[in-house]
Every structure is written in C-alpha cells, then in structure tokens.
Amino acid sequence: MDSSSHVSVLSMAPQFGGGVGDSQAIFAGPANPVEIGTASGSPLGTIAKFVTPPPSASRGDTAVRRFMLQSAARELVPGERVAKCLRVPVGSGVDVFYAPAVRSAHYGGLQTCGSIWMCPVCAAKISERRRLELQAGLAVYDGVVALATFTVQHRLSDRLSTLVEGFLTSLRKLRMGSPWARIESRFGIVGMVRAVEITHGVNGWHPHAHILFFLPPDTDTLAISLLESALRRRWLAVLTRAGLSASWTVGVDLRAADGAIGDYVSKFGSDWTAAHELTKAIIKRGRGGDSRTIAQLLADFAVSGDRQAGELWREYALLFRGKKHLVWSRGLRVRLLPDVEEKSDEELANEHDEVAVLLATLTLRQWSVVVANDARAELLTVASSGDVAQLIDFLVSLGVEVGGVLTQD
Ligand SMILES: [Zn+2]
C-alpha cells in the first residue's frame, strides 16, 4: 500500500499510556515534548482513560466561524498571507496536536500569517496573548490607570485612506512637542498603551483609538477631569492641523476609577476588562446599532453574500496592512514587565504554550482532501477530544484514505 495514503500516528507521551505499535507509521519531528518512537506499549484504547470531555459546542463553533471568516478573507485578498494561513504546508506533512490541559487541538507544519488585521484565526490568538500581557502589566502597576477614547468627526463621503492617515498622524502629533511635554509633566504621565479600532456605520468609516494612561497613585477625580480637558484641547488642535475635526465633548472621553485598578477594570464587566477593550477590538462583534465592526463586515460578506461589505472590508484590510495594533509607549513595557520578552505578532501567532501531544501527521495528499472539504476547523474540533479513533472516523467520512494503519486492536 502506498504509504502516502496513511495517517501516521505518533506514540503518545508516556503519561498518556504508551504508543502505537505500528511499524508503518511515519514519524515527524514535533516541536513539543512528545516522545517519539515505535515503541509498543499500551494500545491506543488506553488513551481514552486520559481523555477529558470534549470542549463545549460554543468553543468549537467559534473556531469554525473563525476559519470560515478566514476563507472569506482569502477570497477578498487572495494575494495576502492570510490566503495561505493554516492552509499551505511548510514541509512534507501536517501535524495535528492535542493539548490535554486545555482540551484543544492545533496544527503544526502549516504556514501562519500572523496578521492581526486580516486573519480572524491569528487575530484571536494574538489579541488574547496581548490581552494577558496587558492584564499582567495592569496588575503590577501601583498607580491610577485611565482609559481615553479618541474619536474624529467623519462623513459618508470621507475616503478611508484620507481619514485614517489623518487620524493616525493626529494620534502621533498628539504626543509630540512642548505642549505634550507640559501635559506629561503636569499630570505625571508614566506611560501609555494605545490601540486603534475602526467601525463602519451610516456615516461611513469611524476610526477611534483607545489609550490607557498610566498615572501617579495620587491622581484624583479632579486631576482626571483636568487631564481630559487638556487632552481635548490638544486633540482638537492636532486634528485641525490635519484638516479634521471633532466635537469638544465627544472627541475625547477619559474615565478612571479612584485609585484601585481592579475597580476600574471591573467596570467593563466580568470578562470585558480594560485590557479586553483595548486588545479585542479586532475580533469583537459589534455592540449593536448601525455600526459594524470589521469582523462583522467580513461575516456579512461570508454569510449573507453582502458584496458591498466585502468591498469595504478589502479596502480596510489593504490600508491597515502593516500598521501596528497595540503600542506601548517607550519604556513602559520594560518597566512593568521586565522579565517578559516582547514578541512580534507573527511569533505570538505561532506560539503554543500548552504541553501537546501529536495525534497524527497527515500526508500532503490527505491534507489536500481536508482543505478541499473546507474541514480545517471541524478537524480540530474532532481532534480536541484527544481521541485518535474519532479523528480517523472523521477523516474517513471526508473521503481521506487512511489505509489500515490505525486500529484499536
Ligand atoms: Zn493567520
């Protein structure tokens, strides 16, 4: 039998009850601490003892949705890296890993794009890791943190590129020159973390930025409102120079808790903290109303065939490509998280902290069947049971030739 038609299964790590005694298996080199070998041990069935219940349906649905949106992105920007993300193999096989601690599965040996702006799969991962990092920074900071939201007036006729470039230029200018130096020293600003977000509504594109201000411990409500006024004056001044405008009241909104960061953070709800607000803008669904997030534009294209939404999303994606999403002001990150290495989006997208075992390695031919069936997400959902037999059944149901390699006996 042609070995390329086999799903090759690696032995489980010792704590998972031994390996697969099949000499035909092809063994790949896993990146994780998996013991590799053909050592015969307990049969595959032993694994079942260690298998935890599969994740809830909603988690699987989320993964399916993200992969579905990623396919839509591929259709809209076929020349971008997102078009190849978790689709095109880098070597001679595609690994399916199972991480028991989190009951999830992930791929190895595939290209990833690391695009926070275009890729729903990578963005979810990157933003979650950035959120945890920001949360850790907030946790160790012993001062007051305030969240500012900067907006700009916009009209339906505004070209996205003109509006966004003017907006981003204004955000840079905001923090330049002697006027800013005076604000910094007056309010003792320790540092900032900035995230840019954009939605589309009846009045067209609506870029806005969230900036977390790290302030001294003795910052009181009066200081917060004085800082808000100072920010408003400065923001209107820089916008005017860029040919843009904002209203006095809506242009800048600054809020903080009195002292305790925990109180402040909890204002945003149980799981929608300040860190969430800042890092999850890319993937969160809209808050209702007439305004759509970029994820919704993509979903409207993918699900409802809304071509106009697809065009808007393409325009956005090509403009934001290469721009930084979450930016810490100089020195703040090192000051708060001196031992945490700073990583690029690409590095975060490729990271797997959990200890994982290699469930299977698919040949390129087998993988091509999975891709042709648009079953990348479903495969992971099945693999998140940790049960090789279920994985095999699923592959067979897709029409993947698995040969007689995998047996429970
Ligand atoms: Zn990606």
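This briefing describes the fold of one protein chain, its three-stranded sheet and two of its helix pairs.

The model is a predicted one, in which local features need pLDDT of at least 70 and side-chain atom pairs count only at pLDDT 80 or more, while totals for chains, interfaces and linings use all residues. Residues are numbered from 1 along each chain as its sequence is written. The secondary structure comes to 15 helices and nine strands, where helices (H or I, at least four residues) and strands (E, at least two) are DSSP runs numbered from the N terminus. Of the 409 residues, 41% count as buried, a residue being buried if 20 or more other C-beta atoms lie within 10 Å of its own, exposed if 12 or fewer, and partly exposed in between, with C-beta atoms placed from the backbone. Among the contacts with a separation of 6 or more, 72% are between residues 24 or more positions apart, a contact meaning that the C-beta atoms of two residues, placed from the backbone, lie within 7 Å.

**The sheet**

- An open sheet of three strands has the order E2-E1-E9 with antiparallel pairing, and its edge strands, E2 and E9, each pair on one side only; two strands pair if DSSP finds at least two bridges between them.
- From one strand to the next the twist averages 25 degrees, with angles running from 0 to 180 degrees between N-to-C directions and axes being lines fitted to C-alpha atoms, for helices over the stretch in contact.
- Strand E1 (residues 93-99) has six of its seven residues buried, so it is largely enclosed by the rest of the structure.
- E1 and strand E9 (residues 357-363) pair over six bridges in the antiparallel sense, with Val94 opposite Leu362 of E9 and Phe97 partnered by Leu358 of E9.
- Five bridges join E1 to strand E2 (residues 104-108), again in an antiparallel arrangement, and within E2 the bridge partner of Phe97 is His106.
- The hairpin of E1 and E2 has four residues between the strands, and Arg103 in this hairpin takes a positive phi near 50 degrees.

**Helix H14 and its pairing with H15**

- Helix H14 (residues 376-383) is mostly covered, with seven of its eight residues buried, among them Arg376, Leu380 and Thr381.
- H14 packs against helix H15 (residues 388-398) at an angle of about 155 degrees, with the axes 8 Å apart, which makes the two helices roughly antiparallel, a term for angles over 145 degrees, whereas those under 35 count as roughly parallel, 65 to 115 as roughly perpendicular and the rest as oblique.
- Leu379, Val382 and Ala383 of H14 make the contact with Gln390, Leu391 and Phe394 of H15.
- By class this contact has five nonpolar, one polar and no charged residues, where Ala, Val, Leu, Ile, Met, Phe, Trp, Tyr, Cys and Pro count as nonpolar, Asp, Glu, Lys and Arg as charged, and the others, Gly among them, as polar.

**Helices H3 and H10**

- Helix H3 (residues 160-174) and helix H10 (residues 307-320) pack at about 40 degrees, with their axes 10 Å apart, and they are therefore oblique to each other.
- Leu160, Ser161 and Val164 in H3 meet Glu315, Tyr316 and Leu319 in H10, and the residues of this contact divide into four nonpolar, one polar and one charged.
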